[in-house]
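I opened a fresh page for this one and jotted things down as I went. Come along and read over my shoulder.

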Amino acid sequence: SPPHQNNANVVRSWTPARSSAAPRSGGEYTGGHSDFRLPQDQDIVMEVDKPKICATCGAGGATLKCPCKVAMYCNAECQKQSWPSHRKGCTVDLIKKLEKLRVRLGRDHEDVAAGEIFLEHDRLDEAAEWLDEGLRILQLVHGESHAKVADFLDILGDIQRRNGTLDEALVTHKQVLHIRRRVEDRESEGVAKAVARVASCLDSQGQYERAMKKYSKALAMFRATCGEDHEGVLHVLGGMSTILARQGKHDEALEIGEQVLGIMRRIHGSDHDNVVIANLNLSGSYRRTGRADLALARLEEGLEITRRL
């Protein structure tokens, strides 16, 4: 049965801009071996209150929330109806399952390793705690140079960066790169992602020249392995564009920004949130360089897409 719900209102904000704790690079991974964060310029800040919408029937004004703090419902009946699907991502239910597995299988069993789901819900402290324990288990079972260990370290490095411990994050992502090179082909997609993650850390530290060299290397690997229209290429170009803008190389940054927009259109289609944000970012960049006509064109395109969404 679903966990007991609380009578409380939930308001959450999503802000894809830089935090005061850790400056973000132009594009960065969010965790796992294959996920990416949308490349961001520093102009766009979106504060969005999560609407109090029932996860089952879609009615507004929902006041009951699951203890995992992700889903809201009108009443207990709506919560019960959604439970079969919601429980797959419910951290409260996951913890109960993991505790039972610990009792049944022992603390050192591989099936007890977890953590990524907490990061998905922005519960960084809990994610780090479970990841540390998961790493201990996986290293015990598989040794230190294993793909699963690299996956967990990748997520841990993202938490460290988001918490502002950039030196630790860089060390962790270098560990991931070392493991990927040992267990995969040296020109594989996984190695390219690891190189790009190191570049993102260097970017966040303000080491722009070193970051650009890593980004360039990752870009060549992604293009050779995955082709041009790939999320990895998108990520790397976004990071490079942001660095160039910070260095005052606006023409080069805008050229890459247009490439990013083109790839986004081909990957996601024209009517997509990411395409809107890319247009608005480019509009701001054109405005700063005094190109009002191009700034207006990008702004109008973004607004037109928004009207259709």
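Below are my entries, from the whole chain down to single residues.

**Entry 1: confidence**

I began by noting that this is a predicted model, so I looked up the confidence before anything else. The mean pLDDT of the protein is 81, and 81% of the residues reach 70 or more. Where is confidence lowest, and where is it highest? I found the low end in strand β1 (residues 6-7), with a mean of 42, and the high end in helix α8 (residues 208-226), at 96. Residues 5-48 have pLDDT below 50, yet this stretch has 150 contacts in the model beyond near neighbours in sequence. I wrote myself a reminder that predicted coordinates should not be read in detail where pLDDT is low.

**Entry 2: the whole chain**

I counted twelve helices and three strands. The protein has 309 residues, and 47% of them count as buried. I then took the contacts between residues at least 6 apart in sequence: 62% of these join residues at least 24 apart. For the accessible surface I noted about 14,900 Å², with 50% of that belonging to carbon and sulfur atoms.

**Entry 3: cysteines**

How many disulfides does the structure hold? I got zero. Why is cysteine 66 not bonded to cysteine 68? Its closest cysteine sulfur is indeed the one in cysteine 68, but at 3.5 Å that is too far for a bond, because a disulfide needs the two sulfurs within 2.5 Å. Cysteine 90 is in no disulfide either, and its nearest cysteine sulfur, that of cysteine 66, lies 3.7 Å away. Buried or exposed, I asked of cysteine 66? It is buried, at a relative accessible area of 0%. Cysteine 90 is buried too, with a value of 0%.

**Entry 4: lysine 69**

Next I checked backbone angles and stopped at lysine 69. Its phi is near 70 degrees, which is positive although the residue is not glycine. I placed lysine 69 in the loop between β2 (64-65) and β3 (72-73). With a relative accessible area of 52%, lysine 69 counts as exposed, because the cut-off for that class is over 50%.

**Entry 5: a nonpolar patch**

Which residues form a nonpolar patch on the surface? I listed Leu296, Leu299 and Leu303, which together have about 240 Å² of accessible area. I followed up on leucine 303, which is found in helix α12 (residues 292-308). Its relative accessibility is 39%, so leucine 303 goes down as partly exposed.

Notes: Residues numbered from 1 in each chain as written. Predicted model: local features only at pLDDT ≥ 70, side-chain atom pairs only at ≥ 80, totals over all residues. Heavy atoms only, no water. Patch = residues over 30% accessible without salt bridge, like charges linked within 9 Å, V, L, I, M, F, W, Y side chains within 5 Å. Areas by Shrake-Rupley, 256 points an atom, 1.4 Å probe, with all protein chains shown as cover. Salt bridge = Lys/Arg side-chain N within 4 Å of Asp/Glu carboxyl O. Helix = DSSP H or I, 4+ residues; strand = E, 2+ residues; numbered from the N terminus. Buried < 20%, exposed > 50% of the residue type's maximum accessible area, 1.4 Å probe, protein only. pLDDT = per-residue confidence, 0-100. Contact = heavy atoms within 4.5 Å.
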